Amino acid sequence: MKKPKIVVLTGAGISAESGIKTFRDAGGLWEGHDIMEVASPEGFMRNPQLVLDFYNQRRRQLSEVNPNAAHFALKKLETKFDVQIITQNVDDLHERSGSKKIIHLHGELTKARSSIYPKLVYEIGVKDIHIGDTCEKGFQLRPFIVWFGENVPLMEKAVDIASKADIFIIIGTSMQVYPAAGLINYVQKDALIYLIDPQIPDIAPRENLHCIQKSAVEGLPNLVDELLE
Ligand code: APR
């Protein structure tokens with residue numbers, strides 16, 4: 001008997017209670033930095049050291065944080081459902097909480113890539129990337145992150161997965177960054193949609209949308225227990 005499919009779209013909010021800052025909350029992660037300065041190809045061209053340092057700090061923080069009850073609740077869902085996580089987050093907390101099927105739409109902090117050959121990708125864990133670190137073809141390494149203005153290679157796969165969801169759960173995203181925020185439009189009309197966020201983002205009203213105005217840790221474990229009943 002095939003398990004019903006649950007697709008989960010997560011954003012920075014699911015990692016907030018692990019101590020990782022979100023982007024757009026007051027004093028958000030970009031504090032002191034203009035987004036385009038540290039998360040765009042132009043910014044990297046202009047000041048590679050600043051960009052490498054920004055991501056080195058974020059990567060180092062991974063060793064100081066842990067998955068929270070929301071991440072573990074998603075793992076628990078796998079007992080009865082076919083769970084596919086589509087995350088905008090670049091941290092590895094979904095992996096570390098044991099979730100099996102994870103797509104990182106915006107890249108991963110624990111990887112580096114060639115600044116010239118996008119397919120040359122290297123696992124670096126929490127290590128820094130320095131100026132002068134190069135790929136096998138001799139070109140500067142950069143964070144394996146999808147920057148503003150760059151295309152989202154995994155989006156087509158994410159759309160296909162979202163279109164097959166029986167249940168779609170949105171957790172901790174302001175739904176302001178496209179194309180990720182557009183995934184909800186590919187969810188079938190008769191699918192159940194749950195949205196968990198202490199500040200419900202402004203999205204188009206639709207059938208079967210249940211908003212839970214709570215933090216991920218307060219709201220997700222209870223929802224998971226309900227779904228597992
Ligand atoms: N639990 C659940 N949601 C929370 C919590 C929490 N404890 N704390 C904050 N939130 C919510 C906020 O209300 C907001 O809706 O998480 C959301 C965070 O939104 P953003 O900071 O915009 O993060 P995100 O939506 O993931 O940003 C998308 O934008 O900056 C780029 O590439 C970056 O992946 C990122 C993308």
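Here are some notes on the ligand site and the enclosed space in this predicted model.

1. Start with the ligand's surroundings. A shell of 22 residues surrounds the ligand, and the closest of them are Phe 23, Arg 24, Thr 173, Ser 174 and Asp 197. By type, that shell splits into 10 polar, 8 nonpolar and 4 charged residues.

2. Where does the ligand lie with respect to domain 1 and domain 2? Domain 1 covers 1–19 + 67–106 + 151–229, and domain 2 covers 21–64 + 107–145. Both give residues to the shell around the ligand, so the ligand lies between them.

3. Next, look at three polar pairs, each with an oxygen atom of the ligand on one side. A polar backbone atom of Ala 12 is 2.8 Å from a ligand oxygen. For Phe 23, too, the partner is a backbone N or O atom, and the distance to a ligand oxygen is 2.8 Å. Thr 173 uses its side chain instead: an N or O atom there is 2.8 Å from an oxygen of the ligand. As for cover, the ligand on its own exposes 740 Å², and the protein buries 92% of that.

4. Which pocket does the ligand take up? The space it fills is the largest pocket.

5. There is also an enclosed space to look for. How many cavities of 30 Å³ or more does a search of the whole structure find? The answer is 1. The largest cavity holds about 110 Å³ of space. It is lined by 13 residues, and those closest to its centre are Ile 20, Phe 23, Arg 58, Val 90 and Asp 91.

6. The cavity lining is a mix as well, with 6 nonpolar, 4 polar and 3 charged residues. At least three of the lining residues come from each of domain 1 and domain 2.

7. If you want one residue to follow through the model, try Phe 23. This residue is among the closest to the ligand, and its backbone supplies an atom 2.8 Å from a ligand oxygen. Phe 23 is also one of the lining residues closest to the centre of the largest cavity.

How values were computed:
Residues are numbered from 1 along each chain as its sequence is written. This is a predicted model: local features need pLDDT of at least 70, side-chain atom pairs count only at pLDDT 80 or more; totals for chains, interfaces and linings use all residues. Side-chain values use heavy atoms; hydrogens and water are left out. A residue is near a molecule or strand if one of its heavy atoms lies within 4 Å of it. A polar contact is a pair of N or O atoms within 3.5 Å; within protein, one must be able to donate a hydrogen and the other to accept it, and residues adjacent in sequence count only if both atoms are side-chain atoms. Accessible areas come from the Shrake-Rupley method with a 1.4 Å probe; for residues, only the protein chains shown count as cover. On a 1 Å grid over the protein atoms alone, a cavity is a set of points where a 1.4 Å probe fits but cannot get out, and a pocket is an open set with protein on both sides within 12 Å along at least five of seven lines; lining residues have an atom within 4 Å of a point. A molecule sits in a cavity or pocket if more than half of its atoms lie within 2 Å of its grid points. Ala, Val, Leu, Ile, Met, Phe, Trp, Tyr, Cys and Pro count as nonpolar, Asp, Glu, Lys and Arg as charged, and the others, Gly among them, as polar. Domain bounds come from an automatic or database domain assignment. Grid points are joined across faces, edges and corners, and a volume is the space filled by probe spheres set on the points.
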